[in-house]
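Let's work through a few exercises together. Keep the sequence and the 3D view open while you follow each solution.

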Amino acid sequence: MYRLIRYAQPLAANVANYRSRWSGLEQELNSLFSSAGAEYTRSIPVSVNEDKDNLQITAELPGVQRADVTVEIVEEVLSLKATRKVAGAEGEQTISFAREFDLPYPVQADKVAAELKDGVLRLTLLKVEAVKPRKIEIC
């Protein structure tokens, strides 16, 4: 009569929600070392959006001052680093944040716009002319 077929999410949805069996390992190791008194670097949560001319990157950096943020682009690799000082029972602690990832295409590193407002860093990276989509007329 009827066959029951299990629904499988489309590939794009699976990639966005993909979690490997190792995904929590970094967090577990960081919590282990933090409980031992060692300082460690936390990952920066980011979102990436793209239009035809730009790549927009938004990073959450609550409590971080502008002078404590470093943004670098070296050979199509974007590096974000930040530090935040927190007063605690044992004195002042420094918390480090870092994120590094490959850019999907070349950008104009000299025309990067960066703004830090209300704990949110917004980067706008302009694509190199060669990678911008062009409309081709068909004769």
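**Exercise 1: The open sheet**

Serine 47 stands opposite threonine 58 in strand 3. This is a predicted model in which local features need pLDDT of at least 70 and side-chain atom pairs count only at pLDDT 80 or more, while totals for chains, interfaces and linings use all residues. Residues are numbered from 1 along each chain as its sequence is written, and side-chain values use heavy atoms, with hydrogens and water left out.

Task: work out how strand 2 and strand 3 pair, and then find the strand order of the open sheet of four strands.

Step 1. Recall the terms. Strands are DSSP runs of E with at least two residues, numbered from the N terminus. Two strands pair if DSSP finds at least two bridges between them.

Step 2. Look at strand 2 (residues 46-50) and strand 3 (residues 54-60): they pair in the antiparallel sense over five bridges. With three residues between them, strand 2 and strand 3 form a hairpin.

Step 3. Move on to strand 8 (residues 120-126), which pairs with strand 3 in the antiparallel sense over seven bridges. Here asparagine 54 has leucine 126 as its bridge partner in strand 8.

Step 4. Put the strands in order: 2-3-8-7, with antiparallel pairing. Strand 2 and strand 7 (113-117) are the edge strands, as each pairs on one side only. From one strand to the next, the twist averages 15° (axes are lines fitted to C-alpha atoms, and angles run from 0 to 180 degrees between N-to-C directions).

**Exercise 2: The nonpolar core**

Task: find which residues have the most contacts inside the largest nonpolar core.

Step 1. A nonpolar core is a set of buried Ala, Val, Leu, Ile, Met, Phe, Trp, Tyr and Cys residues joined through side-chain atoms within 4.5 Å. Buried means under 20% relative accessible area, exposed over 50%, and partly exposed in between (1.4 Å probe, protein chains only).

Step 2. The largest such core has 20 residues, and those with the most contacts inside it are Ile57, Leu61, Val69, Leu78, Leu80 and Leu121. At least two of the core residues come from each of strand 3, strand 5 (77-88), strand 6 (91-102) and strand 8.

Step 3. Zoom in on leucine 78. Among the residues it touches (heavy atoms within 4.5 Å), leaving out those up to four places away in sequence, are Ile57, Val71, Phe101 and Leu123.

**Exercise 3: A polar pair**

Task: is serine 79 buried or exposed, and which side chain does its own side chain meet in a polar contact?

Step 1. Serine 79 lies in strand 5 and is buried, with a relative accessible area of 9%.

Step 2. Its side chain makes a polar contact (N or O atoms within 3.5 Å, one able to donate a hydrogen and the other to accept it) with the side chain of glutamate 100, at 2.9 Å.

Step 3. Glutamate 100 is in strand 6 and counts as exposed at 57% relative accessibility. From C-alpha to C-alpha, glutamate 100 and serine 79 are 4.4 Å apart in space, yet 21 residues apart in sequence.

**Exercise 4: The salt bridge**

Task: how many salt bridges does a search of the whole structure find, and which side chains meet there?

Step 1. A salt bridge is a side-chain nitrogen of Lys or Arg within 4 Å of a carboxyl oxygen of Asp or Glu.

Step 2. The search finds one: the side chains of glutamate 50 and lysine 127 meet at 2.9 Å, N to O. Glutamate 50 lies in strand 2 and lysine 127 in the segment after strand 8, so the pair ties together parts 77 residues apart in sequence.

Step 3. Compare the partners: glutamate 50 is exposed at 51% relative accessibility, whereas lysine 127 is buried at 4%.
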